[in-house]
Structures are given as structure tokens and as C-alpha cells.
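Biologist: I have a structure open here and would like a close look at a single part of it. Could you pick out the charged side-chain pairs for me, and then tell me how the surroundings look?

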Amino acid sequence: MSSLWKARFWHQSLVGSVIPFLRIDDFKNDFSSKVNEMLEEHELHKKQIQALRLLEQKEDQFQKNIVLINEMKRVILLRYCK
């Protein structure tokens, strides 16, 4: 279900101008139809989920690298200013 949320599957069903929410009937109808579709394409779904997990891992690695690069910049600038 979180993959559907990340893919903004529910976005078109959200209602409310201040606090967006999803009606339970919309959720039940959309969710059951999407689940049936996913069950029919289960192997493809598993591969896509695995690819998404790999991309999230790569994103985490890039974020850590950015933090390290910024730290190295700071160290170099501190040495330069002394």
C-alpha cells in the first residue's frame, strides 16, 4: 500500500481543501481493483518493488556522500581561514 501512496495513486481521489483525505469507499474500490491487477502481474510487481528498493538504497548512499562532501568543504575552508 505504501508503494501506491508513493506513486501518488490516491492523489486523484483526495478531497478536502484544507486537510486532504480519502473517503473509505473510494479507498476500498480503488484498492481492491489495484490489488487484483497487481496479483495478475505479481512477478512484474516483485521486480518493480526490488528496483524501487535498490533506488532508495542508492539515494541514501548519495545523501551520505553529499554530507561527506559538505564536511570536507568545511574542513578545507577552516584550514584555509587559519
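Modeller: Happily; what follows starts with the salt bridges and then widens to the rest of the chain. Please keep in mind that this is a predicted model. The protein averages a pLDDT of 84, and 93% of the residues score at least 70. The part you ask about sits in good company, as helix 3 has the highest confidence in the protein, at a mean of 92, while helix 1 (residues 2-6) has the lowest, at 67.

Let us begin with the charges. Side chains of opposite charge can pair when their charged atoms come close. How many salt bridges does a search of the whole structure find? The search gives two. One of them joins the side chains of E71 and R74, with 2.6 Å from N to O. The other joins K46 and E43, where the N to O distance is 3.5 Å. Both values can be held against the cut-off for a salt bridge, which asks for a side-chain nitrogen of Lys or Arg within 4 Å of a carboxyl oxygen of Asp or Glu.

Now look at where the partners sit along the chain. K46 and E43 are three residues apart in helix 3 (residues 42-81), so about one helical turn separates them. E71 and R74 also lie in helix 3, again three residues apart, which is about one turn of the helix.

Are these charged residues buried or exposed? The answer falls in between: K46 is partly exposed, because its relative accessible area is 42%. E71 counts as partly exposed at 36%, and R74 is partly exposed too, at 43%. The reasoning rests on two limits, since buried means under 20% relative accessible area and exposed means over 50%.

Two further residues of this helix help to fill in the picture. Q63 lies in helix 3 and is partly exposed, with a relative accessible area of 44%. From Q63 to A7 there are 56 residues in sequence and 21 Å in space, C-alpha to C-alpha. V67 is found in helix 3 as well, but V67 counts as exposed because its relative accessible area is 55%. V67 and L77 are ten residues apart in sequence, and their C-alpha atoms are 15 Å apart in space.

Helix 2 (residues 24-40) offers a pair of another kind, made by F27 and F31, which are four residues apart in that helix, about one turn. A pair of aromatic rings is described by the distance of the centres and the angle of the planes. The count of aromatic pairs comes to one. Here the ring centres of F27 and F31 lie 5.2 Å apart and the planes meet at 10°, so the pair is stacked. The cut-offs behind that step are centres within 6.5 Å and planes under 30 degrees apart. F27 is partly exposed, at 21% relative accessibility, and F31 is partly exposed at 28%.

Finally, step back to the whole protein. It has three helices and two strands, and from the N terminus on these elements run α-β-β-α-α. The radius of gyration of the protein is 21 Å, well over the 12 Å that the globule rule gives for 82 residues, so the protein is more spread out than a compact globule. The C-alpha trace spans about 65 × 40 × 10 Å along its principal axes. Of the 82 residues, 6% count as buried. The accessible surface comes to about 7,600 Å², and carbon and sulfur atoms account for 60% of that surface.

Technical notes:
Residues are numbered from 1 along each chain as its sequence is written. This is a predicted model: local features need pLDDT of at least 70, side-chain atom pairs count only at pLDDT 80 or more; totals for chains, interfaces and linings use all residues. Side-chain values use heavy atoms; hydrogens and water are left out. Rings of Phe, Tyr and Trp (its six-membered ring) pair if their centres lie within 6.5 Å; planes under 30 degrees apart count as stacked, over 60 as edge-to-face and the rest as tilted. Buried means under 20% relative accessible area, exposed over 50%, partly exposed in between (1.4 Å probe, protein chains only). pLDDT is the predictor's confidence in each residue, from 0 to 100. The radius of gyration is taken over C-alpha atoms; the globule rule is 2.2 Å times the number of residues to the power 0.38. Accessible areas come from the Shrake-Rupley method with a 1.4 Å probe; for residues, only the protein chains shown count as cover.
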